[in-house]
Amino acid sequence: GQHGGALAVGERAQGRAARRRGLVDFFARSFPRTFRATWGYTLAAFLMFLLPALASFAVAYRDPAAGAALFPGIEDRLQDIRDKREWWKELNDSNAAGASMIMTNNIRVTFLAFAGGILLGLFTLYLLAQNGLMLGVVAGAAQSLGFAANLWGFVAAHGTLELSAIFIAGGAGMQLGWALVRPGLLTRRTALLLAAR
């Protein structure tokens, strides 16, 4: 009994060590290697976000009302900006439900940016452009109405990691879409499986 118990404890310890090694290997070798091999897709995803963001920023900076017309449903955020109200603090400060909502939304967008590739990459492109458009409208209106410093502090603190994850997932989604559109000499199924890996 004691011998068997000692073996079980030893096996669990070895299993934990193997999982740690696997995690370290993923972040130290596998992920950087994969990122370098697919950086073009990530760049394309970034541009599909950035270009609509810049265009909508320019429109909303000149005329916040025109920016609101580009993205229906954003009027409440623009009113918050006019009122100099930092709405994100209500979601973050002592509000687990609000913080959870932000986190859940970012995870959902990241997942959909990847999974949207199965629709020939079109849903991925739409999602990236839509999120870029939204950020551009909010940022342009904030710049126009003298609220930019407040907003960019929030975006810099939260957006760096979250947007990077969305661009990487979007690049992976675009890779899935490209595998379906241009499978080369492979069947579409095989090309999709290889791209998904």
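What is the mean pLDDT of the chain, and what share of its residues reach 70 or more?

**View 1. Confidence along the chain.** This is a predicted model, so let's begin with how confident the predictor is. The mean pLDDT of the chain is 85, with 88% of the residues at 70 or more. Among the elements, helix H2 (residues 39-62) has the highest mean, 96, while helix H5 (residues 87-92) has the lowest, 66. Where pLDDT is low, do not read the predicted coordinates in detail.

**View 2. Asn106 and its polar partner.** Look for Asn106 in helix H6 (residues 96-115). Its relative accessibility is 16%, so Asn106 counts as buried, the cut-off being under 20%. The side chain of Asn106 makes a polar contact with the side chain of Glu162, at 2.9 Å.

**View 3. A stacked pair in helix H2.** The whole structure holds 7 aromatic pairs. One of them joins Phe57 and Tyr61: the ring centres are 6.1 Å apart and the planes meet at 5 degrees, so this pair is stacked. Both residues sit in helix H2, 4 residues apart, which is about one turn of the helix. Phe57 is partly exposed at 25% relative accessible area, and Tyr61 is partly exposed at 43%.

**View 4. A tilted pair in helix H7.** Here Phe123 and Tyr126 form a tilted aromatic pair, 6.0 Å from centre to centre with 35 degrees between the planes. They are 3 residues apart in helix H7 (residues 122-144), about one helical turn. Phe123 is partly exposed, with 28% relative accessible area; Tyr126 is also partly exposed, with 47%.

**View 5. A cluster of Phe rings.** Finally, meet Phe26, Phe27, Phe31 and Phe35, which ring pairs link into a cluster.

Definitions and conventions. Residues numbered from 1 in each chain as written. Predicted model: local features only at pLDDT ≥ 70, side-chain atom pairs only at ≥ 80, totals over all residues. Heavy atoms only, no water. pLDDT = per-residue confidence, 0-100. Helix = DSSP H or I, 4+ residues; strand = E, 2+ residues; numbered from the N terminus. Buried < 20%, exposed > 50% of the residue type's maximum accessible area, 1.4 Å probe, protein only. Polar contact = N/O pair within 3.5 Å; in protein donor to acceptor, adjacent residues only side chain to side chain. Phe/Tyr/Trp six-rings, centres within 6.5 Å; stacked < 30°, edge-to-face > 60°.
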